[in-house]
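Student: I have a structure open and would like a close look at one small part of it. Could you walk me through that part and then show how the rest of the chain is put together?

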Amino acid sequence: MRRSYFISKILENTDFTDNHWLWTGYISEGYGKLWDPARREMRYVHILSHLFFIGDIPEGFQVDHDCRIRHCFRPECLEAVTQGENIRRQFEAKFGHRVIDGVKTCKKGHQLTGFNAIPKTRGKYKWFDCRKCHNRNALERYHGRIEEW
Ligand SMILES: [Zn+2]
Ligand SMILES: [Zn+2]
């Protein structure tokens, strides 16, 4: 779907309140939906909003409504996460870091500080990749498996 198409549909089908953008078009199970002519399928408006206004939705994440209003699609009301511990675990699984006593480490336990921390961003998410693991993975593609560092 083109951004300009989405915006034209928003202008026709939205009740902008002070705190929310409420979809007035087609609603299914409480969620706003919009026909995507390119994909030839109905798509969730809040997901389109995230894709167009915030960024990609990392694999394993869902777009959740902070405001609990399902047909709202205001970017500030949306979060591509699940709540609580679940968020942290998914984030760690996806991006490979964890926090031990305030020190971030990769899955192998390398500290994600200084030169070893490669800054990454995707949409509004920021995290660090481990340079040792990154380099090892790159080498392994040429030399086969390398012993633990
Ligand atoms: Zn809202
Ligand atoms: Zn590492």
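Tutor: Happy to! Let's start at Ala117, which is found in strand S10. Please keep in mind that the model is a predicted one.

How covered is Ala117? With 18 other C-beta atoms within 10 Å, Ala117 is partly exposed, because a residue needs 20 or more such atoms to be called buried. Leaving aside neighbours within four places in sequence, Ala117 is in contact with Leu112 and Phe128. You can also look across to Thr105: Ala117 and Thr105 are 12 residues apart in sequence, and their C-alpha atoms are 9.3 Å apart in space.

Now widen the view to the whole strand. S10 spans residues 117-122 and is hardly covered, for the count of buried residues among its six residues is zero. S10 does have a partner, though: six bridges join S10 to strand S11, residues 125-130, and the two run antiparallel. One pair to pick out is Thr121, whose bridge partner in S11 is Lys126. Between these strands of the hairpin lie two residues, and Gly123 there takes a positive phi near 60°.

With that hairpin in mind, let's go to another set of paired strands. S3, S4 and S5 form an open sheet in the order S3-S4-S5, with antiparallel pairing. S3 (27-28) and S5 stand at the edges with a single partner strand each, so one side of each has no neighbour in the sheet. On the S3 side, two bridges join S3 to S4: Ile27 has Gly32 as its bridge partner in S4, while Ser28 has Tyr31. The hairpin of S3 and S4 has two residues between the strands, and Glu29 in the turn has a positive phi of about 50°. On the S5 side, S4 and S5 pair over four bridges, again in the antiparallel sense. Here Trp35 finds its bridge partner in Met42 of S5. Four residues separate the strands of this hairpin, and Arg40 in its turn has a positive phi of about 55°.

From the sheet we can move on to helix H2, residues 45-54. Its buried residues are Val45, His46, Leu48, Ser49 and His50. What covers them includes S4 (31-36) and S5 (41-44), as well as helix H1 (3-13) and the strands S2 (21-23), S6 (64-65) and S7 (78-79). After H2 comes Gly55, whose phi is positive, near 145°.

Two of those buried helix residues turn up again in the largest nonpolar core, which has seven residues: Trp21, Trp23, Leu34, Val45, Leu48, Cys72 and Phe73. S2 and H2 are the elements that give two or more residues to this core. Cys72 is a good place to pause: not counting residues up to four places away in sequence, Cys72 touches His20, Trp21, Leu22, His65, Cys67 and Cys77.

Finally, step back to the full chain. Its secondary structure comes to four helices and 11 strands. Buried residues make up 13% of the 149 residues. Among contacts with a separation of 6 or more, residues 24 or more positions apart account for 38%. Set against that background, S10, where we began, has zero buried residues among its six, whereas H2 has a list of buried residues that runs from Val45 to His50.

Conventions: Residues numbered from 1 in each chain as written. Chains lettered and ligands numbered in written order. Predicted model: local features only at pLDDT ≥ 70, side-chain atom pairs only at ≥ 80, totals over all residues. Buried ≥ 20, exposed ≤ 12 C-beta atoms within 10 Å, placed from the backbone. Pairing = 2+ DSSP bridges. Contact = placed C-beta atoms within 7 Å. Core = buried A, V, L, I, M, F, W, Y, C linked by C-beta atoms within 7 Å.
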